[in-house]
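Colleague: Hi! Could you walk me through this model before I set anything up?
Modeller: Happy to, here it is.

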Amino acid sequence: MRVAVDAMGGDYAPAEIIKGTIMALQAEEELHVSLVGRDTILNEQLAAYEYPSDRLSIVTAAEVIGNNEPPALALRRKKDASMLKAISLVKEKEAHAAISAGNTGALMVGGLLILGRVRGIDRPALAITLPSVRGGKTVLLDVGANMDASVENLRQYALLGKVYAEKVLGKDNVRIGLLNIGAEPGKGNELVKKAYTALEKEEGFAGNVEARDLLQGLADVVVCEGFVGNILLKTLEGTAAEIFAFLKQEINRNWRGKVGGALLVPAFKQIKKRMDYAEYGGSPLLGINGLVIKAHGSSKAKSIKSTILNQACPFVRQGCIEKINNLFEAGRTS
């Protein structure tokens, strides 16, 4: 299995990207990685590590797309960007997957233009895996690929998410939920009401899911517009971070808090681990003809390792792209 990693994308590139890649190589003997970026910089960084040189290669790319660059303009001006070259390796069958922590818009547009959509898919979607209090995992999509969505888009997201939940997360009898302001069928705006009616015809539809119940595990897949999904995702990230900050403040307020906090340290660490995006890895862009995964912009080594091992490897091994293509080409989406 070969994965192309954009070594220049992300807040902590290339150091943390390289470190995470080497950690993944050490953990998975069948993994081969192409690090894409400025070869002089990459070779200097790699000199500090011991790694299986027969399974790690450098693909030179002279340019880097910055996080604040307009995607369309960057794609036109920077043909030799590391991100685009990583995606092109998938197109050329030299890699099974491309991973980048760089500019989200550029990665999505690049993936779409270079690899193309799966036939029958109108718009691809970004998917994220969330923890559940019941111990399972929930797939949420779209979390930012498209700000707006039609009823048909939401229905297609549900089918894409179902394949992902089955193949990557190993779920049976996948339950599909529609993110809404209430659990009753008549709730929501016109788009959501019509989407509810359309999804009722799909196997496994479990009804509406309120945002407050998202982590309850009431559904294995929850679909929404990208605008809503992105706000929800960032709200969850921020809330989790602030809760731990509040706890730290209260624990350190007096000696009783410090004693009690010391006893609860193992539990706090476990909760933090379950909520940490670095444990789950990045977000795959579902619905294109190849695997492109968006790692968090603030990804450090652990997150890059998880993105490779927990997202790219099972996705490729389970043949998710072929499964999605077969599903939509079979006419089951019409």
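Colleague: Which domains does the domain assignment give?
Modeller: The assignment gives domain 1 (1-121 + 287-333) and domain 2 (127-281). Keep in mind that this is a predicted model.

Colleague: How many Å separate the centres of domain 1 and domain 2?
Modeller: Taken over C-alpha atoms, the two centres are 25 Å apart. The contact takes 23 residues from domain 1 and 20 residues from domain 2.

Colleague: Nice. On to the inside: how many residues are in the largest nonpolar core?
Modeller: That core has 61 residues, and Leu-35, Leu-141 and Leu-178 have the most contacts inside it. Helix 6 (residues 151-167) supplies the largest share, 8 residues. At least three residues come from each of domain 1 (1-121 + 287-333) and domain 2 (127-281).

Colleague: What is Leu-35 in contact with, leaving aside neighbours within four places in sequence?
Modeller: Its contacts include Val-5, Ala-7, Ile-18, Leu-42, Leu-46 and Leu-56. Thr-21 and Ser-57 are also among them. Apart from the core of 61 residues lies another one, of 36 residues, with Ala-74, Ala-81, Ala-86 and Val-209 among its members.

Colleague: And Ala-4, is that buried or exposed?
Modeller: Ala-4 counts as buried because its relative accessibility is 0%. You will find Ala-4 in strand 1 (residues 2-6).

Colleague: Which residues does Ala-4 touch, not counting those up to four places away in sequence?
Modeller: Ala-4 touches Ser-34, Ala-86, Leu-89, Ala-95, Ala-97, Ala-98 and Ile-99. Ala-4 and Val-33 are also worth a look: C-alpha to C-alpha they are 5.8 Å apart, with their positions 29 residues apart in sequence.

Colleague: Changing topic, which residues make the nonpolar surface patch of about 350 Å²?
Modeller: Met-147, Phe-227, Val-228 and Ile-231 make that patch. Val-228 belongs to helix 8 (residues 226-251).

Colleague: Why does Val-228 count as partly exposed?
Modeller: Because its relative accessibility is 33%, and partly exposed runs between 20% and 50%. As general background, nonpolar side chains in soluble globular proteins tend to be buried together.

Colleague: Let's do charges. How many salt bridges does a search of the whole structure find?
Modeller: The search finds 12. One of them joins the side chains of Lys-78 and Glu-69, at 2.6 Å from N to O. Glu-69 is partly exposed, at 24% relative accessibility.

Colleague: What about Glu-184 and Lys-187, how many Å from N to O?
Modeller: That salt bridge has an N to O distance of 3.9 Å. Glu-184 is partly exposed at 43% relative accessible area, and Lys-187 is partly exposed at 34%.

Colleague: Where do Lys-193 and Glu-190 sit?
Modeller: They are in helix 7 (residues 190-199), and because they are 3 residues apart there, about one helical turn separates them. Their side chains meet in a salt bridge, at 3.9 Å from N to O. Lys-193 is partly exposed, at 32% relative accessibility, and Glu-190 is partly exposed too, with 49%.

Colleague: Which residues are joined into one network by salt bridges that share partners?
Modeller: Glu-28, Glu-30 and Arg-317 are. Glu-28 lies in the loop between helix 1 (15-27) and strand 2 (32-37).

Colleague: Is Glu-28 buried or exposed?
Modeller: Buried, with a relative accessible area of 17%. Leaving aside neighbours within four places in sequence, Glu-28 is in contact with Arg-55, Leu-309 and Arg-317.

Key:
Residues are numbered from 1 along each chain as its sequence is written. This is a predicted model: local features need pLDDT of at least 70, side-chain atom pairs count only at pLDDT 80 or more; totals for chains, interfaces and linings use all residues. Side-chain values use heavy atoms; hydrogens and water are left out. A nonpolar core is a set of buried Ala, Val, Leu, Ile, Met, Phe, Trp, Tyr and Cys residues joined through side-chain atoms within 4.5 Å. Buried means under 20% relative accessible area, exposed over 50%, partly exposed in between (1.4 Å probe, protein chains only). Helices (H or I, at least four residues) and strands (E, at least two) are DSSP runs, numbered from the N terminus. Domain bounds come from an automatic or database domain assignment. Contact means heavy atoms within 4.5 Å. Patches are made of residues with over 30% relative accessible area and no salt bridge: like charges are joined within 9 Å, nonpolar side chains (Val, Leu, Ile, Met, Phe, Trp, Tyr) within 5 Å. Accessible areas come from the Shrake-Rupley method with a 1.4 Å probe; for residues, only the protein chains shown count as cover. A salt bridge is a side-chain nitrogen of Lys or Arg within 4 Å of a carboxyl oxygen of Asp or Glu.
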